[in-house]
Amino acid sequence: RDYAPRRSVAVHVLSRRQSINPFRKFKAPVQAVSFLPSEPEKFCVLTRRGISLYNLVQGTLIKRIKVERGQLSCVAFHHAPENRNLLVGTWGKEVLWYDLDLGLKPYQQLRNHYTAVRTVAFHSKPTTYPLFATAGDDGRVLVYHGTVFDDYSKNAMIVPLKILKGHWVRQHMGVLSCQFHSSLPWLFTSGADGRVFCWVE
């Protein structure tokens, strides 16, 4: 199977109405892309086997994380100014929490889904709502309390909060996307069943 069209990444500059291809083609299909929340000049590309962080202004590779087992599916960055924590979902039922200050190995591995993890999300106001969520093809959404401390000597604290059930599984696909409200502790999810939910307190 030819994955060539999925191995390139285009960046769209809206102010110039221009699209550019700043990277060479990747060896593996691209699964997800993301700008870092507080550093928009930095950009993350997720392939099935690794994570690459780039500085778009300098055109340089900042860091590369290779995953030895499992295939990656989705990524989300914590909205702290340092952007040192990120979540990565895998097709192998796992959610990996990376603290880049601790190295290139996962700080935590969460194995609470029964099937592939499709989407992960942090709340954009972590000091007010230190929340993150994971969702997958088992039709479940898992919500956690995840506190990241300013003191670098303290590791992130992760506490499971709720399991949200409501989406139906269709053709082996469950929850396809989840996203927190920008200023409230609400969570929006969409599923393969064609339904969109808003989960509130």
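This tour visits one enclosed strand with its neighbours and then two pockets.

The model is predicted, with local features requiring pLDDT of at least 70 and side-chain atom pairs pLDDT 80 or more, while totals for chains, interfaces and linings use all residues. Residues are numbered from 1 along each chain as its sequence is written, and side-chain values use heavy atoms, leaving out hydrogens and water.

Begin by selecting strand E9, residues 95–99, where 5 of the 5 residues are buried, so the strand is largely enclosed by the rest of the structure; buried here means under 20% relative accessible area with a 1.4 Å probe, protein chains only, and strands are DSSP runs of E of at least two residues, numbered from the N terminus. Colour Val95, Trp97 and Asp99 for one side and Leu96 and Tyr98 for the other, since both faces of E9 are covered.

Next add strand E8 (residues 85–90), which runs antiparallel to E9 and is joined to it by 5 bridges, with Gly89 partnering Val95. Between these strands lie 4 hairpin residues, and Lys93 has a positive phi near 80°.

Now select the surroundings of Lys27, Thr47, Ser52, Arg64 and Lys66, which are the closest to the centre of the largest pocket among its 15 lining residues. A pocket is an open set of points on a 1 Å grid over the protein atoms alone where a 1.4 Å probe fits, with protein on both sides within 12 Å along at least five of seven lines, and lining residues have an atom within 4 Å of a point.

Finally, select Leu131, Phe180 and Trp199, which are among the residues lining the second largest pocket.

Terms used: Buried means under 20% relative accessible area, exposed over 50%, partly exposed in between (1.4 Å probe, protein chains only). Two strands pair if DSSP finds at least two bridges between them.
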